[in-house]
Amino acid sequence: MDTPARRHGGTTVTDPTGIPREAAVEAALGTLDLDTKTRLLAGRDMWSLPALPEIGLAPLVMSDGPIGVRGVRWTADDPSVALPSPTALAATWDPALARRAGRLLAQEARRKGVHVLLAPTVNLHRSPLGGRHFEAYSEDPYLTGEIGTGYVLGVQDGGVATTVKHFVANDAETDRFTVNNVVAPRPLRELYLAPFEAIVTGARPWGVMTAYNRVNGRTMTEHHHLVNEVLRAQWGFDGVNVSDWMAARDTKGAIEGGLDLAMPGPGTVYGEALAAAVRAGEVDEAVVDRAVRNVLRLAARVGALKGTEPAVTALPEPVDGEALAREIARRGFVLVRNEGALPLAPGRTVALLGAAARDARVLGGGSAQVFPDRTVSPLDGLTAVLPAGALTYAVGADPTDEPAPAGAGFTLRAVCRDAHGTVLGEGSLPSGQVQWIGDDLPEGVTHDTLHSVEVTGTFTPRESGEHAFGTRGLGAFTLTVGGETLYDGVQEMGDEADPFEAFFGAPTERGTVALTEGVPVEVSLLHPLDREHAAPLPGVLFSLVHLGPRRDPDELIAEAAAAARAADTAIVVVATTERVESEGFDRTDLKLPGRQDDLVRAVAAANPNTVVVVNAGSPVEMPWRDDVAAVLLSWFPGQEGGAALADVLLGAEEPGGRLPTTWPARLADAPVTEVTPVDGELHYREGLFTGYRAWDRTSAAPAYPFGHGLGYTTWEYEALELSPEGATVRVRNIGSRPGREVVQLYVAPVDDPVERPLRWLAGFASVTAGPGEAAETEIRLPRRAFEIWDEAAGAWTAVPGAYEIHAGRSLTDTRLRAVLTVAGTD
Ligand code: BGC
């Protein structure tokens, strides 16, 4: 049953008592026979559950998440607003803004007929090598829990469910389907479970997604203890537990382990197999009923079950997606260094450099991908605001030296034919990528009739020279460019273990053609389908890939340095690629790909006013950082990133972000670098000491500490007063322009009687003030900040004693201290 009201971010959330809902759920459940119940739990297709008209149940539709709502189609035909990466959202340190993001996503979900958003991702930044680091919030469980709570409240304000994922300890990608993560009880509770607990108790999510991996020997889709005893019994979770896609492997283990839905359907371990297990006496039907009850309750909440009111009957005000994407982007940008270069003084000329300045990387790869109807690159953003003639552009260095999905300059469509060559239908293509998952096929096309898909259209080069073309995917391909056949053969499966790697993985170059700038050429990639090379996921998955002329890298860098020399300010945009940060694999280093480090060094040598914009979802090494005038981390900034960048560079707005994760100077210094299991096991040997908790114990200094970030004004910390609930902090803006400050509170035990980190984040709040003005904020200090998980007692316990409370701008830049004495648990 829902609790009546909870407070978060200053607003009261009301949730109806749920009693009529429970009665409707029971009534519906009572009429269903075993086969129907188990069919419901098995899923209908890639993204939905079967409808059961006999009880007024509409098909429940799910979609990824977390930075947009893709909908059931993986194509640009049905565009979605693309918000900045979750790392960027966390960098705002603003749960209320996360809540507004959630409301927009609910609006998007409703527009696309989606009831359940497969988000947020609240695994931790245990290691910077984690491939999906960009998709999670922070290394800190408290910050993760606060941002996640805001997000979930926002989505559910709009009557759409969330599935908080991936429960739990899916903090890296290597062997994620099988790895056994060995985590001791204290770090499991105090770090990895903590955000889930905070969100479950603070936002009452209507869903959770269990992870692929095992935890302490048991796979998460069958983890009776963590799901039934902890999540449900201890925390009071009453939502649906859905498997990660294809994760459920054992009928009895899964249903008894508390897994309600096995997705994608219908060929899962539920359905007929579950009905048979009940009939054979292996599984109690009451256990099946428990799962069905959870699904029906979810349906009732989102308005998909007739006879009861949905949880939300009055929708929030409509949200302007473009405006919000731009606001979150600039609020998430973290200015880590500024030697007076920013904001740019009016009238200055600018040399904009870097491949990502023109072809921005606005979002991370994998299941989190959506297709926005426009993206604003840094070049677009600056062109719109700088006077004519003030801006020059040069590529300088390309982060990628392998072909990428056919984007700029291509106009393509996919033509579907049957065995006789008759056209069945056509689909549009974002960047030459055919990603038709499940039954998501162009109109008029079915899997039974579909024999071949041809990606066809034109390419108009932006530059003259040798253009490379290639393929990504498995099976037979014929690739023709300008009438010349570049490839006619079969691509076999490599040794990829992860299905995502197989279809988001390595492209293969097939040949080159000399082309002339501005002169269009016909391209065709024909792909006959065959069973033997069927994709690892049900569907049709392959891409046409392309790489522009490879120019001499030294020449490109020299050209960029010359442009930098001729301008007042040089702005270099450096980036990672989809081959560095995506799903299904981890990173192997933190280096910027290609010659980008050399580019920055050459530009910095040519112009002392060099500003580097880092377009990456997670940390990269920046060996040149002390030699440039400013460094701005833009994360994956979403579709409006370039507009937000222009706002911030020219000073219309200040960058608002603070680091949600420690930024190492070198991978070698990072406390946790082990993400590859040994003999199937990954031991979280560092225990409680990840992120800043670990940096505080080493002699190595990171490039930038947790919580760090500069605005365009200066703050003085004037007063810190403790009260029984928390702390009141007064700060003053002593600069010359208005600003926003994220006031952070850290707790540091004095003479600690137990093994604990030196200090940890316990609260934070944002304030705004004009020049000369003071602002005061009250920050609650949660009791949990003074507790540890007592492994012997299996319970939380307060550690009595004296604690210093530090108030400041980052972990290492605290300005005021006060001492608080905590009494023990009675
Ligand atoms: C990912 C999930 C995602 C699901 C559906 C999985 O591979 O781990 O995060 O929600 O696919 O796309």
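Two exercises on a predicted model follow, one on the ligand site and one on a sheet. Residues are numbered from 1 along each chain as its sequence is written. In this predicted model, local features need pLDDT of at least 70 and side-chain atom pairs pLDDT 80 or more, while totals for chains, interfaces and linings use all residues; side-chain values use heavy atoms, without hydrogens and water.

**Exercise 1.** Describe the surroundings of the ligand.

*Solution.*
1. The ligand has 14 residues around it, and Asp64, Arg132, His166, Tyr212 and Asp244 come nearest (a residue is near if one of its heavy atoms lies within 4 Å).
2. This shell divides into six nonpolar, two polar and six charged residues, with Tyr and Cys counted as nonpolar and Gly as polar.
3. For polar contacts (pairs of N or O atoms within 3.5 Å), consider the ligand oxygen atoms. An N or O atom in the side chain of Asp64 is 2.5 Å from one. For Arg132, a polar side-chain atom lies 2.8 Å from a ligand oxygen, and for Glu583 the distance from a side-chain N or O atom is 2.8 Å.
4. The protein buries 99% of the 310 Å² that the ligand exposes when taken alone (Shrake-Rupley method, 1.4 Å probe).

**Exercise 2.** Determine the strand order of the open sheet and its central pairing.

*Solution.*
1. Strands are DSSP runs of E, at least two residues, numbered from the N terminus; two strands pair if DSSP finds at least two bridges between them.
2. The order of the four strands is β33-β32-β37-β38, with antiparallel pairing.
3. β33 (760-769) and β38 (814-822) each pair on one side only, as edge strands.
4. Six antiparallel bridges join β32 (residues 739-749) to β37 (residues 801-808). Val747 stands opposite Ile805 in β37.

How values were computed. Polar contact = N/O pair within 3.5 Å; in protein donor to acceptor, adjacent residues only side chain to side chain.
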